[in-house]
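Colleague: Please choose a single part of this model and guide me through it closely. I should like to understand how it is placed among its neighbours.

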Amino acid sequence: MPFAPEPFSLRNLPSEPEVLIESPRWSVVKRRVDGSVDFISPLPCPYNYGCIPSLLSDDGDPLDAVVLGPRLARGQRLVVRRVGVVDFLDAGRGDPKVICSAGPFGRRDRAGVELFFHTYARFKRALYRARGQLPDTRFRGWLLEPAREA
């Protein structure tokens, strides 16, 4: 029987999901699971960007995940601790991003993630405008707040 991913909800999100890396840290090319190019950024991404293949986002693609830490190889799969979930709207649809880290996640990490997704939303809006579209695309905060730093 073929594997069928299920729709994402906070209830079915594991505390340590398996993440597939699609774009290693410092890449400018954001790829899809099949390797095709999804987005080319004018700035390199400071995080490893990938997905959780077992869960689907509202757009029908695997749920996006960001892994903090050192650069990981494209195609690498790892089980890593979830530290929070970012609420992101892309082209008018919910497109949450699961934030993962094997190490500690502090205030600076949180601020970096928020700055990155505010900037990412601006670039995505510019891309949509260049294509003659004006969909609602923005960072909306956190769906699942990171644990407070001790």
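Modeller: In this predicted model, strand β1 (residues 6-7) and β5 run parallel and are joined by two bridges. Within that pairing, Glu6 stands opposite Leu55 of β5. Strand β5, which covers residues 48-56, is the part I have chosen.

The next partner is strand β2 (residues 18-23), which pairs with β5 in the antiparallel sense over three bridges. Here Ser23 faces Tyr49 of β5 as its opposite residue. Tyr49 also stands opposite Val66 in β6, and this leads to a further partner. Strand β6 (residues 62-68) runs antiparallel to β5, with six bridges between the two. β5 and β6 together make a hairpin in which five residues separate the strands. In its turn, Gly60 has a positive phi of about 90°.

How enclosed is β5 by the rest of the structure? Seven of its nine residues are buried, so the strand is largely enclosed. Cys51 belongs to the stretch 48-56 that makes up β5, and this cysteine counts as buried at 1% relative accessibility.

A buried cysteine invites a question about bonding: how many disulfides does a search of the whole structure find? The search finds zero. Cys45 is likewise in no disulfide, and the nearest cysteine sulfur, that of Cys100, is 13 Å away. Cys45 is also buried, with a relative accessible area of 10%. For Cys51, the closest cysteine sulfur is in Cys100, at 11 Å, which is too far for a bond. The reasoning rests on a cut-off: two cysteine sulfur atoms must lie within 2.5 Å to be counted as a disulfide.

Cys100 leads to another part of the model, since it lies in β10 and stands opposite Arg82. Strand β10 (residues 97-101) runs antiparallel to β8, and four bridges join them. Strand β8 (residues 82-90) has eight of its nine residues buried, so this strand too is largely enclosed by the rest of the structure. Five bridges link β8 to strand β11 (residues 138-144), again in an antiparallel arrangement, with Asp87 opposite Gly141. Strand β9 (residues 93-94) pairs with β8 in the antiparallel sense over two bridges, and Gly94 in β9 is the bridge partner of Leu89. The hairpin of β8 and β9 has two residues between its strands, and in it Ala91 takes a positive phi near 55°.

To return to the chosen part: β5 pairs in parallel with β1, whereas its pairings with β2 and β6 are antiparallel.

Methods:
Residues are numbered from 1 along each chain as its sequence is written. This is a predicted model: local features need pLDDT of at least 70, side-chain atom pairs count only at pLDDT 80 or more; totals for chains, interfaces and linings use all residues. Side-chain values use heavy atoms; hydrogens and water are left out. Buried means under 20% relative accessible area, exposed over 50%, partly exposed in between (1.4 Å probe, protein chains only). Two strands pair if DSSP finds at least two bridges between them.
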